[in-house]
Amino acid sequence: MKPTLKYKTPLLLVALFFIAACSRKDFAEYNTDPDAVVDITLQPLFARAITYVHDNDFEAFYDNYNFIPRWSRAFLQRTGNGITVSESAANTNNRYGRFYSGVGPLLIDIQQIVDKMPEEERARYIYMRTIPTILKVYYAWYVSDVNGSLAYTEAFGARYGGTLTPKYETQSELYAIFDQELKEAVNILKTPQPVEQFSYENSDLYFQGDIGKWVKAANSLRMAIALRLSKRDPQRMANIVQEVLADDGGVINNAEEEWVFYPGAQFTGGGNWNITGNGRAFVGDHDVVDYMWNNQDPRLRFFFVKNMWSEENFEIAKQQGIIPANATFDNRRYYGQYSSPSSAEEPSKSRFFNPLQIENGEEEITLDTVSRIQDRLFQPENNGGTGLGTMPVITYADVCFMRAELAQRGVTSENAEEWYYKGIEASLQFYDDAANRAMVYDYSPLTVEEVAKFKSQSDIAFDPAKGLEQIIMQAYLNFFRNYNEAWAIVKRTGMPNANTAIAFEPWYVDNQPIQMPRRFVISYPLAGDYNYQNRFDAVEEMRKDPDFGEPTSILGRVWWDKSE
C-alpha cells in the first residue's frame with residue numbers, strides 16, 4: 001500500500017548534502033531547518049536513504065579505489081604501491097559526513113513522521129517505522145568501524161527538540177546498542193499486527209518490502225557485528241551468535257535473500273566513479289592472483305582481465321626481437337603486481353613496471369604483463385559498457401563463511417566443512433552473476449564442472465588441521481567487491497599473512513618494514529564546534545587505549561581491532 005501523508009514536520013533538505021564537506025561538521029548544521037508544511041510519502045524518503053548509502057562517488061574515488069583495496073591487497077596501481085602507502089589517507093572517510101548529512105537524518109525523519117501520526121493511523125506503520133532502524137544501525141556500524149566512538153543515540157535529534165551537543169558513545173557501548181536495536185527490530189517485525197501494515201513496496205530497493213527478508217538481514221547483521229568482537233570480547237560474541245542462530249526468524253540462507261543493492265543503468269556512469277580515469281590502472285596483487293591461478297579459481301576471470309600476452313602477440317614479439325626467439329609460451333594470462341614499495345630481502349626483484357611494445361600492421365600494441373581488474377565489475381558503464389552494477393551489503397556467501405568460521409573456532413556446534421563448501425559455491429555463483437550483470441570483458445559463465453574441480457584442489461579441499469586458514473582465505477576473496485570487509489577480515493584475523501596460502505609479501509620502504517593502515521584519521525574538533533567538548537572527550541577517551549595511537553595516525557586501531 002502507498003500511503004500519502006501531509007505533515008508539518010522539519011525535514012532535512014536534500015540539497016544540504018551536496019554542500020556538506022567530507023570532514024566532520026557541527027551537528028547544528030545538520031539539525032537546523034525551518035518548520036514547513038510539505039506533502040510527502042515515506043517511500044521516497046526510504047529510497048533516497050538507501051541510495052545515499054551507495055551513491056557516494058567521493059567515497060568510491062578516494063576510499064574505495066585509491067586506499068582501502070591497496071591496504072587490503074585486493075588490487076593496486078599497475079606500477080605498484082608508492083612509499084606513502086602506509087602514511088597517506090588524503091580525502092578519505094567520506095562515510096562519516098554521509099552518515100550525518102544524508103543517511104541518518106532521512107531515516108530519523110521517517111520515524112519522526114510516523115511518531116507524529118494519530119495513534120490509530122500510526123498502528124499501520126509499525127513495520128515501516130522499524131525497518132529504518134536496521135539500515136541506520138548498519139551504516140552507523142560501517143562508520144564506527146574506522147572511526148571508533150560516535151554520536152549516535154542523541155544524534156539527529158535537535159530538529160525534534162533534542163540537543164545540539166549529542167553525547168558520544170564508545171565503540172563498546174555502540175556495539176551493545178546496535179545489537180539491542182537490531183534484536184528489538186527483529187522481534188517487532190516477527191510480531192503479527194492486528195491491523196494491515198503499509199509497505200515500502202518497490203521503494204525498498206533491497207527487499208521490495210519483504211518483511212521476512214528484513215528479519216534475516218537484521219539477524220545476519222547482528223552476527224557480522226558480533227564477529228568483530230572475536231579478539232576483544234569473544235564471550236560476548238559467542239552469546240550473540242548463539243542467540244541469532246536460535247532465532248526462528250533465521251539468517252540469510254540463500255541467494256534470493258541476500259542484502260544487495262542492484263543499481264539501475266548509469267548509476268556509476270561518470271566522474272569519480274571512473275575506476276580507470278585520471279591515468280589510473282588498477283591490477284591484481286601478485287599474491288592473490290598467484291593463489292587463484294594455482295588453484296584454478298573460476299573467479300579469476302571475473303576479478304581480472306587477461307593480460308596482453310596472447311599466443312599471437314607472443315609470436316609477434318619473438319618475430320620482432322622483443323623477446324628471445326627460443327622463448328616458450330606458457331599460456332598464463334593472469335599475473336599480479338608486487339605490493340611492497342621496495343624489498344629489503346630482494347632489492348633487485350623484478351617488478352612488472354615496464355610493458356613492451358609490438359607492432360601488428362599499423363597498430364601498436366602494449367604488452368603489459370600484469371592483469372587489470374575487471375573494471376566493469378565496479379563501474380559497468382566503463383569503456384562504453386551497458387551492464388548493471390552489484391553492490392553487496394551481506395551476501396549468502398558472507399553468512400556461510402561466518403558460520404564456517406564460528407564452527408571451526410568451536411563457538412557453535414555446526415559443521416565447519418559443510419558451511420565452508422556452501423560458502424565457496426555461493427561466492428562463485430555470486431561473482432558469476434555479478435560479472436554477467438556487469439557485462440565484464442570476455443565473460444563466460446560458471447560451470448558445474450569448474451566448481452567441482454576448484455573444490456577438489458589440494459589447497460581448497462577442506463582439511464580440519466588448517467580449516468580456519470582455508471575459511472579465512474575464501475572469505476577474504478569473497479570480499480573482493482566489498483572493500484571494507486576485505487580490509488576488516490585482515491585486521492580481525494591477521495590473515496592472509498606471509499605464512500598463509502595467500503602469502504602476503506612483507507612491505508618495506510628504504511629497507512625498513514612498514515605496516516598496513518588500520519583506520520582513518522580521527523581529528524580533534526576545531527574551536528567553535530558546537531559539540532567541541534563531547535568530541536574532544538571522545539578522542540581523549542579513545543587515546544587511553546594504547547592500541548589507538550595518535551589520532552592522526554592511520555596505523556592506530558579502534559577498539560574492536562585489538563592487537564594480539
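**Exercise 1. The surroundings of Asp-179**

Leaving aside its neighbours within four places in sequence, with which residues is Asp-179 in contact? State also where Asp-179 lies and whether it is buried or exposed.

*Solution.* The model examined here is a predicted one.
- Step 1: Asp-179 is located in helix α8, which covers residues 171–190.
- Step 2: once the neighbours within four places in sequence are set aside, Asp-179 is in contact with Arg-222 and Ile-240.
- Step 3: the relative accessible area of Asp-179 is 13%. Buried means under 20%, so Asp-179 is classed as buried.

**Exercise 2. Two aromatic pairs**

Classify the ring pairs Phe-267 with Trp-273 and Tyr-476 with Phe-504 as stacked, tilted or edge-to-face.

*Solution.* A pair of aromatic rings is described by the distance of the centres and the angle of the planes.
- Step 1: the rule used here counts 50 aromatic pairs.
- Step 2: for Phe-267 and Trp-273, the centres are 6.3 Å apart and the planes make an angle of 50°, and the pair is tilted. Trp-273 has 10% relative accessibility and therefore counts as buried.
- Step 3: for Tyr-476 and Phe-504, the ring centres are 5.9 Å apart and the planes stand at 75°. Planes over 60 degrees apart count as edge-to-face, so this pair is edge-to-face.
- Step 4: Tyr-476 belongs to helix α17 (residues 467–478), whereas Phe-504 sits in the loop between α18 (483–493) and β11 (508–509). With their positions 28 residues apart, the pair links distant parts of the chain.
- Step 5: Tyr-476 and Phe-504 are both buried.

**Exercise 3. The overall fold**

Determine whether the protein is as compact as a globular protein of its length, and describe its contacts, surface and charges.

*Solution.*
- Step 1: the protein contains 19 helices and 12 strands.
- Step 2: its radius of gyration is 25 Å, and the globule rule gives 24 Å for 564 residues. These values are close, so the protein is as compact as a globular protein of that length.
- Step 3: the C-alpha trace spans about 85 × 55 × 50 Å along its principal axes.
- Step 4: of the 564 residues, 58% are buried.
- Step 5: among contacts with a separation of 6 or more, 78% come from residues 24 or more positions apart.
- Step 6: the protein exposes about 22,600 Å², of which carbon and sulfur atoms supply 48%.
- Step 7: there are 55 positive and 76 negative charges, and their mean positions are 2 Å apart.

Notes: Residues numbered from 1 in each chain as written. Predicted model: local features only at pLDDT ≥ 70, side-chain atom pairs only at ≥ 80, totals over all residues. Heavy atoms only, no water. Helix = DSSP H or I, 4+ residues; strand = E, 2+ residues; numbered from the N terminus. Rg over C-alpha atoms; globule rule 2.2 N^0.38 Å. Buried < 20%, exposed > 50% of the residue type's maximum accessible area, 1.4 Å probe, protein only. Contact = heavy atoms within 4.5 Å. Areas by Shrake-Rupley, 256 points an atom, 1.4 Å probe, with all protein chains shown as cover. Lys, Arg positive; Asp, Glu negative; His and termini not counted. Charge placed at Lys NZ, Arg CZ, Asp CG, Glu CD. Phe/Tyr/Trp six-rings, centres within 6.5 Å; stacked < 30°, edge-to-face > 60°.
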